[in-house]
Amino acid sequence: MPHAGLEHHHQMTILENDTYPAEQFEDVDQQRLTVTMGMWAFLITEILFIGAIFVCFFIYRSRWMETFTEAGMMMAWPLGMLNTFILLTSSFTMVLGVHYARINDKKKLVQMLIVTGLLGFAFFGVKCFEYYTEYKHELVPGLNFNPNHKAADGTIHVLKPEFQLYMTFYFAMTGLHALHMLGGLAVLVVITWYAHKGKYTSGNGYYNPVEIFGLYWHFVDLVWVFLFPTLYLLRY
Amino acid sequence: MGQSQIQGTSQIHDQVLTHPEHESHVKTYVIVFALLMVLLLMTIGAAFIDFHKFLPGNFWNLGIAATIAITKGVLIILFFMHVKTGPRRIVVFAMGGFLWLLLMIGLFMADYTTRKDPLYPNNKGEPRYIHFPGKPLPGPTPPTGDTPQHGSHGPAEPTPANKPSH
């Protein structure tokens with residue numbers, strides 16, 4: 001029976017050279033609390049970092065309300081909705097992954113991590129498609145921007161200068177979010193490999209990396225939950 | 001031994017769960033996921049209704065979108081990020097992050113809502129306050145053509161006033 005008592009797996013060997021709990025910790029609880037708090041400390045800095053950009057966006061939106069509303073209506077909200085669905089689902093599979101790591105179910109843990117990763121890549125694919133479409137429609141400030149925008153019905157719609165400010169915010173915010181996704185996906189590949197090796201389901205209760213990666217992944221989801229209505233849905 | 005010295009960590013120490021507990025965890029996640037999906041549909045639905053047509057004030061669409069997003073966020077933080085079942089000090093830690101965020105927003109707004117900003121003049125070149133929807137500008141006459149006009153968001157015909165200079 002795994003996890004019978006703390007003494008039972010004290011300094012138990014994981015793979016070749018890791019010990020759990022690590023030597024600087026009293027016990028597994030202290031180690032788990034420490035890594036969880038460490039991840040939260042990082043996430044708090046992220047919340048403030050992203051939060052400042054949101055505040056800036058709303059200040060500029062309040063200055064150029066009409067243009068920002070108009071710009072928001074030009075964003076492809078069905079793609080944004082699809083991406084919200086993908087990301088919320090990946091959060092759900094991630095939390096199931098953490099759950100299966102906790103109950104030492106290696107097969108389901110690996111399955112959930114793979115599904116989470118695939119959903120992450122799907123999100124990224126949709127995002128790239130959106131960027132590509134916006135580039136083709138000459139809506140990327142600095143790279144390819146044409147103030148005489150051709151609407152879907154063929155009419156020419158003159159975009160105000162503030163429109164470029166909106167698009168800059170759009171690319172900065174979604175780009176930053178996409179970079180976070182990419183970083184997360186890189187870590188996820190490593191974690192999935194270790195999970196496949198059985199590192200997190202060896203029965204000693206060590207699955208901290210899965211758990212704190214889950215925190216990070218949910219945070220990325222959380223940011224998107226606010227980005228989506230802010231950039232795509234403020235129509236009135 | 002070590003455990004007794006560390007108070008409040010028992011909740012984070014997950015035992016291998018017995019079957020009913022395992023089921024109840026998964027059930028909770030499924031319910032939260034379903035709620036998130038419902039809220040996603042609500043966000044979309046609410047975005048296409050102009051609440052200002054039948055409600056006083058000019059903040060309803062933004063307010064409703066924000067409320068739904070915050071509800072989604074709270075569900076994710078409490079259940080997916082395990083703040084609800086985690087040790088109390090993680091709750092305090094996480095709440096601290098949002099407290100700092102509120103402080104930051106509060107101080108930003110205290111500045112921007114009370115200061116005439118010469119960097120961002122209105123169309124007449126006069127410095128102006130931050131522009132809240134539905135609230136008349138406290139300073140000089142509000143610039144025309146720069147206020148939100150509901151119901152006229154379609155592609156505007158180019159007029160001499162908004163033609164680009166390039």
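Start with H5(A) (residues 162-197) and H6(A) (residues 208-232), which are roughly antiparallel to each other, a label given to angles over 145 degrees, whereas those under 35 count as roughly parallel, 65 to 115 as roughly perpendicular and the rest as oblique. This is a predicted model, in which local features need pLDDT of at least 70 and side-chain atom pairs count only at pLDDT 80 or more, while totals for chains, interfaces and linings use all residues. For selections, note that residues are numbered from 1 along each chain as its sequence is written, that chains are lettered from A and ligands numbered from 1 in the order in which they are written, and that side-chain values use heavy atoms, with hydrogens and water left out.

**H5 and H6 of chain A**

With both helices selected, the axes of H5(A) and H6(A) come within 10 Å and cross at roughly 160°; axes here are lines fitted to C-alpha atoms, for helices over the stretch in contact, with angles running from 0 to 180 degrees between N-to-C directions. The helices themselves are DSSP runs (H or I, at least four residues; strands are E, at least two), numbered from the N terminus. H5(A) passes H6(A) in a left-handed crossing, where left-handed means that the near helix is turned anticlockwise from the far one by less than a right angle, and right-handed that it is turned clockwise.

Show the side chains next: the contact (heavy atoms within 4.5 Å) includes A:Tyr170, A:Thr174, A:His177 and A:Gly184 on H5(A), and A:Trp217, A:Trp224, A:Leu227 and A:Leu231 on H6(A). The residues of this contact divide into 19 nonpolar, five polar and no charged; Ala, Val, Leu, Ile, Met, Phe, Trp, Tyr, Cys and Pro count as nonpolar, Asp, Glu, Lys and Arg as charged, and the others, Gly among them, as polar.

**A:Thr174**

Now centre on A:Thr174, which is found in H5(A) and is buried, with a relative accessible area of 1%; buried means under 20%, exposed over 50% and partly exposed in between, with a 1.4 Å probe and protein chains only. The side chain of A:Thr174 reaches the backbone oxygen of A:Tyr170 at 2.6 Å. Leaving aside neighbours within four places in sequence, A:Thr174 is in contact with A:Trp224, A:Leu227 and A:Leu231, and also with A:Lys127 and A:Tyr131.

**H2 and H5 of chain A**

Keep H5(A) displayed and add H2(A) (residues 65-74), which packs against H5(A) at an angle of about 55°, with the axes 9 Å apart. That angle makes H2(A) oblique to H5(A), and the crossing of the two is right-handed. On the H2(A) side, select A:Thr67, A:Phe68, A:Ala71, A:Gly72 and A:Met74, which meet A:Glu162, A:Phe163, A:Leu165, A:Tyr166 and A:Phe169 in H5(A). By class, this contact has seven nonpolar, two polar and one charged residues.

Within H2(A), pause at A:Phe68, which is buried, with a relative accessible area of 2%. Not counting residues up to four places away in sequence, A:Phe68 touches A:Glu162, A:Leu165, A:Tyr166 and A:Phe169, as well as A:Phe57, A:Tyr60 and A:Arg61.

**Where chain A meets chain B**

Select H1(A) (residues 28-63) together with H4(B) (residues 88-112), whose axes come within 9 Å and cross at roughly 20°. That makes H1(A) roughly parallel to H4(B), and H1(A) passes H4(B) in a right-handed crossing. The residues of this contact divide into 20 nonpolar, three polar and two charged.

Move next to B:Ala69, placed in helix H3 (residues 60-80) of chain B, and buried at a relative accessible area of 3%. Leaving aside neighbours within four places in sequence, B:Ala69 is in contact with A:Val225, A:Phe226 and A:Pro229. For a distance check, draw a line between the C-alpha atoms of B:Ala69 and B:Val92, which are 23 residues apart along the chain and separated by 22 Å.

**Two loop residues**

Finish with two residues in loops. A:Asn104 lies between helix H3 (77-102) and helix H4 (106-136) of chain A, and its phi is near 60°, a positive value in a residue other than glycine; A:Asn104 is partly exposed, with a relative accessible area of 23%. B:His82, in the loop between H3 and H4 of chain B, has a positive phi of about 60° although it is not a glycine, and at 13% relative accessibility B:His82 counts as buried.

How values were computed:
Polar contact = N/O pair within 3.5 Å; in protein donor to acceptor, adjacent residues only side chain to side chain.
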